[in-house]
Amino acid sequence: MPAPRAIILAGGQGTRLRPLTLARAKPVVPLLNRPFLAYQVALLAHHGIADIVLSCSYRVDDVRAALGDARAPGLTLTYVVEKEPLGTGGGVRYALEQTGGGSGLVLVLNGDVLTDADLGAMRAFHDAMHSRTTIFLTRVPDPRPYGLVETEADGRLRRFREKPAAEEEVTTDTINAGIYLIDADLVARLPADRPASIEREFFPALIADGVPCFGFTEPAYWRDIGSPAAYHLAQVDLLDGRVRSPLSPPGSPRDGSWLADGARATGARLEAPSVLGPRVLVESGAHVGPHAVIGESSRIGARARVVNAVLWERVHVGAESVLRDCVIAADVRIGAHAEVGAGVVLAAGAVVPDHARLSRP
Ligand code: GDD
Ligand code: MG
């Protein structure tokens, strides 16, 4: 059985991830100093899927620039760019058409889910059930912001309900994980001339028409990184080893942390698990970690404290400042003796004066 082709849906605007996505496209926000899509490309490659189409519309140049380093021998990345956003369904149809169409099996992956899902086991299930569309399912405590999926005992899809508005429609905690195996012949059912939703149109219509479609459930790590809190937690999970990822942070391991080339922390305390990007400078007396992720060329001033925080590239933290449980985008300047507290998210280029106290209301 040939490996399926893959389409990664990476054209959303990332509205819920603002202000982080004001300066960078959601599919390439950094996780442990690597662009997010690199994790998905690595997951696909790990399962022998080498032919990968990136379905983009918003900020494609960002995606292209950031993903350059994710190329590996034997891997083909093709960019398909929508002139206007075509939605999750239109995006799949357009991506297939632009890359030669044809039949076979297509694996579709939402561009914002961090997972170690066993795609090989999903494929084996798909084939064994003679399924024509298989959706990877996962369970979450609050299913309302997702696509709710009800199945029969054998896994056959009974109902797909995207983001139900009414409380009485919340009938299950099993949701669409944003990973599909689709018989490419079915993709022609999606409209060619307008935006379309795979969740609101394609899946419900397949079920209504009695096309054999199944849900595949198996325990796996899974998180949609589409909000700042989830984006932060995903990195804590990676640091704590809760995600089996074939990808490690740039650099080499040291005492439970990762140090990239040119990172220096002489006279400072680095508490694992943490990650220092290329050319990071941690000055003397500073205490970084646990769960600190410091982006390329950032600088942590003398006696500063950084704990459970994600800093993007070129962030400067002044002497004796304290950063805790926060996410700081690129090029932020934080003065000396400042405090940045739980849940704070700073947009790229923000300036925090000396002695300022920032916390979420
Ligand atoms: N190419 C393209 N064009 N991609 C798009 C477009 C578009 O117009 N709109 C959204 N996408 C991409 C996004 O970049 C994202 O990777 C994926 O499609 C899903 O869009 P989200 O906006 O993140 O959707 P969601 O998180 O609210 O819901 C979806 O994911 C859930 C799991 O995380 C749905 O598929 C739910 O059913 C599912 O439970
Ligand atoms: Mg999402």
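**Exercise 1. How many residues lie between β9 and β10 in their hairpin, and which residue in the turn has a positive phi?**

Solution. Note at the outset that this is a predicted model.

Step 1. Locate the strands. β9 covers residues 147-151 and β10 covers residues 157-162.

Step 2. Find how they run. The two strands are antiparallel, joined by 5 bridges. One bridge pairs L148 with R161 in β10.

Step 3. Look at the turn. The hairpin has 5 residues between β9 and β10. G155, in the turn, has a positive phi of about 100 degrees.

**Exercise 2. Work out the strand order of the open sheet of 5 strands, and say which strands stand at its edges.**

Solution.

Step 1. Recall how sheets are held. Strands of a sheet pair through backbone hydrogen bonds, either parallel or antiparallel.

Step 2. Read the order. The 5 strands run β18-β21-β24-β27-β30, and their pairing is parallel.

Step 3. Go to the edges. β18 (281-282) and β30 (351-352) each have a single partner strand, so one side of each has no neighbour in the sheet.

Step 4. Check one pair inside the order. β21 (residues 299-300) and β24 (residues 316-317) pair in the parallel sense over 2 bridges. Here I300 stands opposite V317 in β24.

**Exercise 3. Do the same for the open sheet of 6 strands: give its order and its edge strands.**

Solution.

Step 1. The order is β16-β19-β22-β25-β28-β31, with parallel pairing.

Step 2. The edge strands are β16 (269-270) and β31 (357-358), and each of them pairs on one side only.

Step 3. Take one pair as a check. β22 (residues 305-307) and β25 (residues 322-324) run parallel and share 3 bridges. R305 stands opposite V322 in β25.

**Exercise 4. Which residues are the protein donors of the magnesium ion (ligand 2), and which parts of the chain do they tie together?**

Solution.

Step 1. Name the donors. They are D112 (OD) and D224 (OD), at 2.0 to 2.3 Å from the magnesium ion.

Step 2. Place them in the chain. D112 sits in the loop between β6 (105-110) and β7 (113-115), while D224 is in strand β13, so the pair ties together parts 112 residues apart in sequence.

Step 3. Ask about exposure. D112 and D224 are both buried.

**Exercise 5. Describe the largest pocket: its volume, the residues closest to its centre and the make-up of its lining.**

Solution.

Step 1. The volume is about 1100 Å³.

Step 2. The lining counts 48 residues, and those closest to the centre are R16, K26, N110, D112 and D224. D112 and D224 also appeared as the magnesium donors.

Step 3. Sort the elements. Those that give two or more residues to this lining are α4 (87-98), β8 (133-139), β11 (174-183), α6 (198-208), β13 (222-224) and α7 (228-239). The largest share, 4 residues, comes from β11.

Step 4. Sort by class. The lining has 18 nonpolar, 18 polar and 12 charged residues.

**Exercise 6. Now take the second largest pocket, then follow E313 from its lining. Is E313 buried or exposed?**

Solution.

Step 1. This pocket has a volume of about 280 Å³.

Step 2. Its lining has 13 residues, with N33, R34, P35, E296 and E313 nearest the centre. By class, 6 are nonpolar, 2 polar and 5 charged.

Step 3. Place E313. The residue lies in the loop between β23 (309-311) and β24.

Step 4. Apply the cut-off. Buried means under 20% relative accessible area. E313 has 16%, so it counts as buried.

Step 5. Find a partner. The side chains of E313 and R24 make a polar contact of 2.9 Å.

**Exercise 7. Is S131 buried or exposed, and which contacts does its side chain make?**

Solution.

Step 1. S131 lies in the loop between α5 (119-128) and β8.

Step 2. Its relative accessible area is 7%, so S131 is buried.

Step 3. Its side chain reaches the backbone oxygen of T133 at 2.9 Å. A second contact, of 2.8 Å, joins the side chains of S131 and T134.

**Exercise 8. What is the volume of the largest cavity, and which elements give two or more residues to its lining?**

Solution.

Step 1. The volume is about 70 Å³.

Step 2. The lining includes Y39, Q40, V113 and L114. The elements asked for are α2 (36-46) and β7.

Step 3. By class, the lining has 6 nonpolar, 3 polar and 2 charged residues.

Definitions and conventions
Residues are numbered from 1 along each chain as its sequence is written. Chains are lettered from A and ligands numbered from 1 in the order in which they are written. This is a predicted model: local features need pLDDT of at least 70, side-chain atom pairs count only at pLDDT 80 or more; totals for chains, interfaces and linings use all residues. Side-chain values use heavy atoms; hydrogens and water are left out. On a 1 Å grid over the protein atoms alone, a cavity is a set of points where a 1.4 Å probe fits but cannot get out, and a pocket is an open set with protein on both sides within 12 Å along at least five of seven lines; lining residues have an atom within 4 Å of a point. Grid points are joined across faces, edges and corners, and a volume is the space filled by probe spheres set on the points. Ala, Val, Leu, Ile, Met, Phe, Trp, Tyr, Cys and Pro count as nonpolar, Asp, Glu, Lys and Arg as charged, and the others, Gly among them, as polar. Donors are N, O and S atoms within 2.8 Å of the metal (3.2 Å for Na, K and Ca); water is not among the atoms, so sites may look incomplete. Buried means under 20% relative accessible area, exposed over 50%, partly exposed in between (1.4 Å probe, protein chains only). Two strands pair if DSSP finds at least two bridges between them. A polar contact is a pair of N or O atoms within 3.5 Å; within protein, one must be able to donate a hydrogen and the other to accept it, and residues adjacent in sequence count only if both atoms are side-chain atoms.
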